[in-house]
Amino acid sequence: MFQIERQEQLLDYINKAHKANTNELAEKFNVSKVTIRRDIDKLASEGHIVKTHGGAVAVTKGTMTEIPYAFKVEYNQPAKKRIGAVAASLIKDGDIIILDSGSTTLEIAKNIVQDNITVVTDDIKIAMELSCKNNISVIVCGGTLSDPVYTLTGNIAVDFFSRLHVNKTFLGCDAVDLEFGISNRTYEEVDIKSAMIRAADEIIMVTDDSKLDKKVFCYLCDISAIDKLIINRIDDRNRKGFTEKGVEIITTEE
């Protein structure tokens with residue numbers, strides 16, 4: 001079997017099983033664990049699956065389904081740490097900010113050192129991270145808890161963010177495409193994110209490059225709705241497209 005054929009069958013297998021470990025896949029395809037790890041690395045780099053410790057999980061079980069937090073937090077972690085540190089450096093003393101839910105925005109929370117900061121969030125993990133920091137006041141919206149991702153959703157959350165005015169919103173994303181715009185895996189979070197965008201003087205999107213050139217279930221907004229993009233790296237085509245839409249690009253690896 002050619003490599004490309006194996007990888008196509010591997011992807012199909014993971015999508016159907018939803019998750020698989022390296023030993024299982026090596027046995028299934030009769031190749032070494034080293035070969036399977038290389039296949040997983042390639043499929044993950046292209047955004048088809050999420051690499052986890054000891055295996056992989058599907059991202060297309062569907063485009064409407066959230067990836068569990070335990071998998072999100074492992075994926076591309078070094079890049080997320082750098083993005084979080086750079087994003088946090090843009091916060092000024094006295095700022096009121098919104099931190100959207102997600103593993104990348106959690107890294108922002110870990111790096112806030114400025115004084116007299118108010119953080120508003122829909123993410124229970126972020127609230128817990130900030131709860132012991134004396135320099136930060138934390139406000140959490142109400143809503144229904146989404147177990148896999150520790151996020152609060154629903155009309156209560158939408159109404160809450162619709163009433164706010166803040167200095168900055170740090171927005172995460174599931175996918176971004178120059179033509180389609182920014183999209184999200186679940187419909188339930190779109191109205192909340194839209195309210196977060198309307199609430200802020202400045203919109204700063206934080207994401208790693210695995211989200212580029214992808215579309216998932218639900219459209220959120222055009223790229224022009226954001227002011228800054230903080231990303232680990234970006235190719236020339238996307239850099240040109242973002243810049244033409246008025247977005248300032250900050251990279252952490254170039």
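# Salt bridges and helix packing in a predicted model

K193 and D100 are joined by a salt bridge in which the closest N and O atoms are 2.4 Å apart. The two partners belong to distant parts of the chain, 93 residues apart: K193 sits in helix α9 (residues 187-199), whereas D100 sits in the loop between β4 (96-99) and α6 (103-110). The model in which this pair is found is a predicted one. With a relative accessible area of 4%, K193 is buried, because the limit for that class is under 20%. D100 is buried as well, its relative accessible area being 0%.

This pair belongs to a wider set, since a search of the whole structure finds 14 salt bridges. Another of them is formed by R233 and D209, with the closest N and O atoms 3.1 Å apart. This pair, too, links distant parts of the chain. R233 is located in the loop between β14 (228-231) and α10 (236-244), D209 in the loop between β12 (200-206) and β13 (218-221), and 24 residues separate them. Here the burial class is another one: R233 is partly exposed at a relative accessible area of 41%, and D209 is partly exposed at 21%. The classification follows because partly exposed covers the range between buried, under 20%, and exposed, over 50%. R233 and D209 also take part in a network of salt bridges that includes R82 and E253.

A further salt bridge brings together the side chains of D222 and K245, at 3.5 Å from N to O. D222 lies in the loop between β13 and β14, and K245 in the loop between α10 and β15 (248-251); the pair therefore ties together parts of the chain that are 23 residues apart in sequence. Both residues fall into the partly exposed class, D222 with a relative accessibility of 24% and K245 with a relative accessible area of 30%.

The discussion now turns to the helices. Two packed helices are described by the angle between their axes and the distance between the axes. Helix α1 (residues 3-17) packs against helix α2 (residues 22-29) at an angle of about 130°, and their axes are 12 Å apart. The two helices are therefore oblique to each other, as the angle lies outside the ranges for roughly parallel, roughly perpendicular and roughly antiparallel. The crossing of α1 past α2 is right-handed. On the side of α1 the contact is made by R6, Q9, L10, Y13 and I14, and on the side of α2 by E24, L25, K28 and F29. Sorted by class, this contact of α1 with α2 comprises five nonpolar, one polar and three charged residues.

A second helix pair is formed by α5 and α6, whose axes come within 7 Å and cross at roughly 50°. That angle makes α5 oblique to α6. The crossing of α5 and α6 is right-handed. From α5, the residues in contact are Q77, K80, K81, I83, G84, A87 and A88; from α6, they are S103, T104, E107 and I108. By class, the contact of α5 with α6 has four nonpolar, four polar and three charged residues.

Helix α6 is largely enclosed by the rest of the structure, because seven of its eight residues are buried. These buried residues of α6 are S103, T104, T105, L106, E107, I108 and A109.

Helix α5 (residues 77-88) also contains A79, which is buried with a relative accessible area of 2%. Apart from neighbours within four places in sequence, A79 is in contact with D208, N232 and E253. One of these partners, E253, is a member of the salt-bridge network with R82, D209 and R233. A79 can also be set against N116: the two are 37 residues apart in sequence, and their C-alpha atoms are 28 Å apart in space.

A last position to examine is T153, which is placed in strand β8 (residues 151-153). T153 counts as buried, with a relative accessibility of 12%. Leaving aside neighbours within four places in sequence, T153 is in contact with G143, T144, E188, E189 and I192.

Definitions and conventions:
Residues numbered from 1 in each chain as written. Predicted model: local features only at pLDDT ≥ 70, side-chain atom pairs only at ≥ 80, totals over all residues. Heavy atoms only, no water. Axes fitted to C-alpha atoms, helices over the stretch in contact; angles between N-to-C directions. Helix = DSSP H or I, 4+ residues; strand = E, 2+ residues; numbered from the N terminus. Parallel < 35°, antiparallel > 145°, perpendicular 65-115°, else oblique. Left-handed = near helix turned anticlockwise from the far one by under 90°. Contact = heavy atoms within 4.5 Å. Nonpolar A, V, L, I, M, F, W, Y, C, P; charged D, E, K, R; others polar. Salt bridge = Lys/Arg side-chain N within 4 Å of Asp/Glu carboxyl O. Buried < 20%, exposed > 50% of the residue type's maximum accessible area, 1.4 Å probe, protein only.
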